[in-house]
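Dear colleague,

Please find below the structure that I am handing over to you. My findings follow directly after it.

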Amino acid sequence: MNSLLFGTAKINEKKHLEIGGCDTLQLAKEYGTPLYVYDVALIRERAQGFNETFTDLGVKHRVTYASKAFSCLAIYQVMKEEGLSCDVVSAGELYTALKAGMDPAQIAFHGNNKTYEELALAVDENIGAIIVDNFYEITLLKEILENKNKTQTILLRVAPGIDAHTHEFIMTGQEDSKFGFDINSGQAERALQIVQGESHFDLVGVHCHIGSQIFSTDAFKMASSKMVELLVDWRKRYDFVAQILNLGGGFGVKYIESDDPLEGKEYVREIALSVKNNCAENEYPLPEIWIEPGRSIVAEAGTSLYTVGARKDIPTVRNYVSVDGGMGENIRTALYDAEYTAAIANDMTAPNEEIVTITGKYCESGDVLVKNASMPKVKPGDILAMFSTGAYGYSMASNYNRNPRPAVVFVENGHSRLVVKRETYADLVSADVPLY
Ligand code: LLP
């Protein structure tokens, strides 16, 4: 049995892959390929799991969906329905969240180089929290708030100096990072001194994010203790008591058979208990805990469908199987050496017979989706399913080689719904300005 079949995914009586009660062959036919398919029931389950875990532990909390993992109007609406907040990292994500009807008070704004215009928009829209990342941002935000005579709720993002042993491009909590005020060198303390002295800032807490696709709970526990240690120190020396402790996201998910993550809510349990204990030991009032899961809410709920085309078998070297998409809608393999699992959606019970490298249609040798995939005999016209592609796939898509970005559908209870249209060739030239 394929252990990458999450949520409602199953093999139906036709031996086809079915998700959300919808036959993926039918979806491929109706919407075309490449196609992103999201299992909405699974997204809801994951979202609810986080909230319930905190509630069961009696911990005040906020679960903030890190929308960089997958951003479109419909996903913010699902998050809203499930009582989640969201974080955004650009005016574009902020605009999309607001357009989707997200309550501005439930939006947190992140980023290491927010522009004046982006910060001004956030202030104008009265968004719930700005997570201030650096000294330049303090200056910009101060000017904006003074001009508008407003006060803004902020958290300070700090770099706790924790190396969470994940891919170096995805690591963010270590000292050598572009994100946040470094604790060890005293930058974080300096930031506290500055914002404490400014009436336009309402500092409510601190934030850290130690990285992404992390399996070990130890890294999160280390971060929690380091953050509580910082807060205890700041209470003693600056009389600052945090109402909020935001510990970011980063909970690992399963991409391949050998990945063995805990369930997202288990990480939350460990984190919440660790903060509770650390606070109790230091007689520190338990702050509200915020988390920012992205990948762990949407990755396993997403499946990409492709149509198989050309093959090139190089005897004793490699078998290349090309599909009708590639690095344009999923750059993770090319960028991070990410590993994925694939299957033939039209024949899910066929035994694996060959090792193939699944590649795309882009003019680039690095355009690989799955290296050395163990597959049944793959033939042109097969519908290939790639599992766990719901996070950082569509959201990192590009128009390289002028390929239109794919459509996205939500499936739930036997119904499918187009939530992002496939781009047309006309869309591709819509921002171009011809010379004549
Ligand atoms: N909070 C902050 C401040 C973050 O920077 C991130 C991710 C998250 C939350 C959500 O992390 P998650 O729960 O999704 O792991 N493009 C890369 C991942 C980059 C993550 C960036 N920050 C990838 O495809 O693996």
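The notes below go from the whole chain to a single residue.

Please bear in mind that this is a predicted model. The protein chain contains 21 strands and 12 helices. Its radius of gyration is 23 Å, close to the 22 Å given by the globule rule for 436 residues, so the protein chain is as compact as a globular protein of that length. The C-alpha trace spans about 70 × 60 × 40 Å along its principal axes.

Of the 436 residues in the protein chain, 56% are buried. Contacts within the chain often link distant parts of the sequence: among those between residues at least 6 apart, 69% join residues at least 24 apart.

As regards the surface, the protein chain exposes about 18600 Å², and 48% of this area is supplied by carbon and sulfur atoms. The protein chain carries 41 positive and 59 negative charges, and the mean positions of these two sets are 3 Å apart.

One residue was examined individually, namely T64, which lies in strand β5, residues 61-66. Is T64 buried or exposed? T64 has a relative accessible area of 1%; since buried means under 20%, T64 counts as buried. Leaving aside residues up to four places away in sequence, T64 touches two groups of residues: S85, C86 and D87, together with I291, E292 and P293.

Yours sincerely

Conventions:
Residues are numbered from 1 along each chain as its sequence is written. This is a predicted model: local features need pLDDT of at least 70, side-chain atom pairs count only at pLDDT 80 or more; totals for chains, interfaces and linings use all residues. Side-chain values use heavy atoms; hydrogens and water are left out. Helices (H or I, at least four residues) and strands (E, at least two) are DSSP runs, numbered from the N terminus. The radius of gyration is taken over C-alpha atoms; the globule rule is 2.2 Å times the number of residues to the power 0.38. Buried means under 20% relative accessible area, exposed over 50%, partly exposed in between (1.4 Å probe, protein chains only). Contact means heavy atoms within 4.5 Å. Accessible areas come from the Shrake-Rupley method with a 1.4 Å probe; for residues, only the protein chains shown count as cover. Lys and Arg count as positive and Asp and Glu as negative; His and the chain ends are not counted. The place of a charge is taken as NZ of Lys, CZ of Arg, CG of Asp or CD of Glu.
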